[in-house]
Amino acid sequence: MNKLTDKFRRVHDYLRISLTDKCNLQCLYCIPSQNQIEKFQHKNILTYEELTRLIHIFVKYFSVNKIRFTGGEPLVRKNILSFFEQVHEIKKSNHFEIGITTNGTLLEDKIESLHSFGMNRLNISLDSLQRNKFIAIAGKDLFDTTLRSINKALKFDFDKVKLNAVIIKNINDDELIHFIDQFHNTNLNIRFIEYMPFSGNGWDDAKFISWGEMKSIIETKYHLKEIESDGNVAKDFLVDGTNLKVSFISSISNHFCYSCNRLRITSSGKIKNCLFAQSEEINLKSMLADYSFGDELIAEMISNSLQNKWFKHPSTDELAKLNHNIMMSIGG
Ligand code: SF4
């Protein structure tokens, strides 16, 4: 088995697969104004058969430890549970973890099934604990069901349940302490994520709040004890005297590209070797659908696509000018 290594010797053992570019919310930091969105037609999205072949290739040829499924919102896809059942079958004879990043609005009645299909990690997005603000950010009143999903997920023994909150100055930075108050009796991992510039997402330097500023606000009430990080993207802390873990994702103020281990596949089957990079023109979908292309050839294309990966993402000014990065279709 080979390691997926780029020219900076970074080993890529973490695969993120977007299952759809569609979402049932319209979060203001994620989705651009409607006229900028060109949704993929269903026929252009990787089928479940193509997706399972892709996963087989990754686990057969490369030492991939973790696969995360993202969107849009992955749970809007029809028959999604039967897909996860198939992934579970692959997982039984190969060693890798699976996770899903979801907005939690369609999760509540699927938690048992996801758990029984070997889902290891759930990342659930929730940007506000105030219903009115939730509606203002997400565009729909699905606050209660999201909160219920988080509380229900905490009752199962998933390896990790994380709450992701993108923090934007003067929008939800006044809620940092509320998040801790609300969950301080749980073993949730709350991750506060720096706002990032994506195409059409209203990026403005003035709305940016760094991880250091967030931490200082929380420390006006709680003591945060630094702990060893279990990954390479977050700065991790325990709220003293509790099991609540608080993490900060400092993609902008303190990037972690030097240790990047991530490779993304878009829902249409293109390789994206960085969150901010333009997708490769190679379309894996047509190859995955055509068994005259052998697995080995597809593995070689994937490996080659890493060789033009940049060392780190450009500055925020440059990122704000890129118009190929719609966060909604990348899945973070
Ligand atoms: S910005 Fe790109 S290179 Fe940097 S950590 Fe994220 S995916 Fe990796």
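Is Asn170 buried or exposed, judged by the other C-beta atoms within 10 Å? We will come to this residue below, after a look at the whole chain.

## The chain as a whole

Welcome to this structure, which is a predicted model. The chain is built from 11 helices and 11 strands. Along the principal axes, its C-alpha atoms fill a box of roughly 60 × 45 × 40 Å. The radius of gyration is 19 Å, which agrees with the value near 20 Å that a compact globule of 332 residues would have.

What share of the residues counts as buried? Of the 332 residues, the answer is 39%. Now take the contacts with a separation of 6 or more: 76% of them join residues that are 24 or more positions apart.

## A closer look at helix α1

Find residues 48–61 and you have helix α1, which has 14 residues. From its first C-alpha to its last, α1 reaches 20 Å, close to the 20 Å expected at 1.5 Å a residue.

Which residues of α1 are buried? They are Leu51, Leu54, Ile55, Ile57, Phe58 and Val59. Here is a useful rule for reading such a list: an α-helix has 3.6 residues a turn, so residues three or four places apart point the same way. The cover over the buried residues of α1 includes the strands β1 (14–18), β2 (66–70) and β10 (262–265). Helices α2 (80–92), α8 (284–289) and α9 (295–305) are also part of that cover.

## Unusual spots in the backbone

Most residues other than glycine have a negative phi, and most peptide bonds are trans. The loop between β2 and α2 is a good place to look for exceptions. Gly72 is in this loop, and the peptide bond from Gly71 to Gly72 is cis, with omega near 10°. Asn79 is found in the loop between β2 and α2 as well. Asn79 is not a glycine, yet its phi is positive, at about 55°. It counts as exposed because it has 9 C-beta neighbours inside 10 Å.

Now back to Asn170, which is found in the loop between β5 (160–167) and α6 (176–183). Asn170 also has a positive phi, of about 65°, without being a glycine. As for the opening question, Asn170 is exposed, because 9 other C-beta atoms lie within 10 Å and a residue is exposed at 12 or fewer.

## Around the ligand

Which residues surround the ligand? They are His255, Phe256, Cys257, Cys260, Arg262, Cys274, Leu275, Phe276, Lys312 and His313. This shell divides into 6 nonpolar, 2 polar and 2 charged residues.

Conventions:
Residues numbered from 1 in each chain as written. Predicted model: local features only at pLDDT ≥ 70, side-chain atom pairs only at ≥ 80, totals over all residues. Near = placed C-beta within 6 Å. Nonpolar A, V, L, I, M, F, W, Y, C, P; charged D, E, K, R; others polar. Helix = DSSP H or I, 4+ residues; strand = E, 2+ residues; numbered from the N terminus. Rg over C-alpha atoms; globule rule 2.2 N^0.38 Å. Buried ≥ 20, exposed ≤ 12 C-beta atoms within 10 Å, placed from the backbone. Contact = placed C-beta atoms within 7 Å. Expected span 1.5 Å × (residues − 1).
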